[in-house]
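Reader: Please choose one part of this structure and examine it closely. I should then like to see how that part relates to the rest of the chain.

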Amino acid sequence: MGITIAVLVILSACLHPLWNTLIKKDDDQRVAFLALTVGMILISFTHILLADYDFGGALLVWDSVLFSWIGQMCYGTGLVIVLRRGDLSAYYPIVRSTPIIVISFNFLVLGQSYDLLVILFVIIVLAGAFALQYRRGRRLLDDPVTLGFAFLALCGTGIYTLADATAMQLVEPPVLNFWVNVLCFPSYCLLYWIIDRDNTGVRSLKAIITRPLHYLMIAAICYSSYYLILYVYSEGADVAAVATVRQASIPISVLIGGLYLREGAVLRRLVASLLLAVGIVGIILNG
């Protein structure tokens with residue numbers, strides 16, 4: 001992995017926990033997430049117009065758009081429920097363990113082989129990620145429902161990661177972003193209506209009208225993070241390596257937890273962060 005690509009991926013990873021935190025701090029995570037989705041549609045739409053891209057380009061990769069939509073639905077649904085039900089720090093490593101899905105798919109389905117040293121560094125990154133979020137006295141199985149939705153979010157990230165990487169060979173990032181979110185918004189609205197007759201779509205539109213700068217800011221952070229990843233895929237970056245380096249978002253979330261949420265165990269988490277950093281550097285140098 002080249003240094004420039006690595007820097008872009010790490011920058012994306014730094015932005016990712018910021019919008020997660022803002023969604024979690026909102027009074028209604030469903031409304032905030034759908035407002036973010038609407039904001040993503042507006043930003044990508046504007047980007048396409050300014051760059052003079054072809055909206056119809058998505059037809060060239062309609063199957064990837066479909067799978068990315070399915071993945072985003074799984075991820076968004078799982079993430080919102082995890083944010084609503086429990087402490088994200090207990091489940092964040094699971095949600096962000098995308099390398100497991102990507103490497104398993106590439107190895108089992110595509111027959112792609114990986115150098116043992118790269119696999120070792122991936123394991124080190126994942127071990128550091130879990131150690132970073134471990135808290136004494138908390139067991140993941142204490143809340144199997146939330147754990148199940150965390151795994152749903154994980155599967156979603158794996159699906160849309162693979163689909164996005166394929167789509168980026170033929171279409172521009174904002175075009176994919178636009179159509180996937182256009183599909184996601186009514187899908188979320190229908191899903192929430194079926195679950196508990198929650199008219200979240202209307203409430204999210206009202207939220208954007210009431211606090212446009214707040215929700216557009218969250219959407220801009222999310223869009224920037226997502227765009228950077230799509231861009232590096234378009235440059236031919238290895239999907240598994242990118243997904244693994246994105247684990248850098250976890251120590252950022254620890255800093256947010258320590259400085260903003262006043263969480264403890266700083267020394268132990270610092271050691272775990274260094275372990276994760278060693279794995280990331282190893283992947284950059286050998287991936």
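Author: Helices and strands are taken here from DSSP runs, with helices being H or I over at least four residues and strands E over at least two, and both are numbered from the N terminus. The part chosen is helix α2, and the starting point is I48, which is found in that helix.

The model is predicted, so local features need pLDDT of at least 70 and side-chain atom pairs count only at pLDDT 80 or more, whereas totals for chains, interfaces and linings use all residues. Residues are numbered from 1 along each chain as its sequence is written, and side-chain values use heavy atoms, with hydrogens and water left out.

Residues are called buried under 20% relative accessible area, exposed over 50% and partly exposed in between, with a 1.4 Å probe and protein chains only. With a relative accessible area of 1%, I48 is therefore buried. Contact means heavy atoms within 4.5 Å. Not counting residues up to four places away in sequence, I48 touches Y53, F55, P174, V175 and F178. For V175, the C-alpha to C-alpha distance to I48 is 6.6 Å, although 127 residues separate the two in sequence.

F178 leads to a further feature of helix α2. Rings of Phe, Tyr and Trp (its six-membered ring) are paired if their centres lie within 6.5 Å; such a pair is stacked with planes under 30 degrees apart, edge-to-face over 60 and tilted otherwise. The whole structure holds 10 aromatic pairs. One of them joins F45 to F178 in a tilted arrangement, with 5.9 Å from centre to centre and 40 degrees between the planes. F45 belongs to helix α2 and F178 to helix α8 (residues 173-196), so this pair links parts of the chain that are 133 residues apart. F45 is partly exposed because its relative accessible area is 36%, whereas F178, at 9%, counts as buried.

Helix α8 also holds a second pair. Y188 and Y192 are stacked, at 6.2 Å centre to centre and 15 degrees between the planes. They are 4 residues apart in the helix, which means a separation of about one helical turn. Both are buried, since the relative accessible area is 2% for Y188 and 4% for Y192. Ring pairs also join Y188 and Y192 with W19 and F33 in a cluster.

The loops on either side of helix α2 have features of their own. In the loop between α2 and α3 lies D52, which counts as exposed because its relative accessibility is 68%. D52 is not a glycine, yet its phi is positive, at about 60 degrees. Most residues other than glycine have a negative phi.

At the other side, D28 forms a salt bridge with R203 (a side-chain nitrogen of Lys or Arg within 4 Å of a carboxyl oxygen of Asp or Glu), and their closest N and O atoms are 2.9 Å apart. D28 is in the loop between α1 (3-25) and α2 (29-51), and R203 in helix α9 (residues 200-210), so the bridge ties together parts 175 residues apart in sequence. R203 is partly exposed, at 33% relative accessibility. By this rule, the count comes to 1 salt bridge.

These links belong to a chain with 13 helices and 0 strands. Among its contacts between residues at least 6 apart in sequence, 88% join residues at least 24 apart. Of the chain's 287 residues, 53% count as buried.

A nonpolar core is a set of buried Ala, Val, Leu, Ile, Met, Phe, Trp, Tyr and Cys residues joined through side-chain atoms within 4.5 Å. The largest has 68 residues, and W19, L176, V232 and Y233 have the most contacts inside it. Helix α10 (residues 212-234) supplies the largest share of this core, with 11 residues. Leaving aside neighbours within four places in sequence, Y233 is in contact with T161, D164, A165, M168, Q169, V239 and V242. In soluble globular proteins, nonpolar side chains tend to be buried together.

To return to the starting point, I48 in helix α2 is buried, and its contacts include both V175 and F178.
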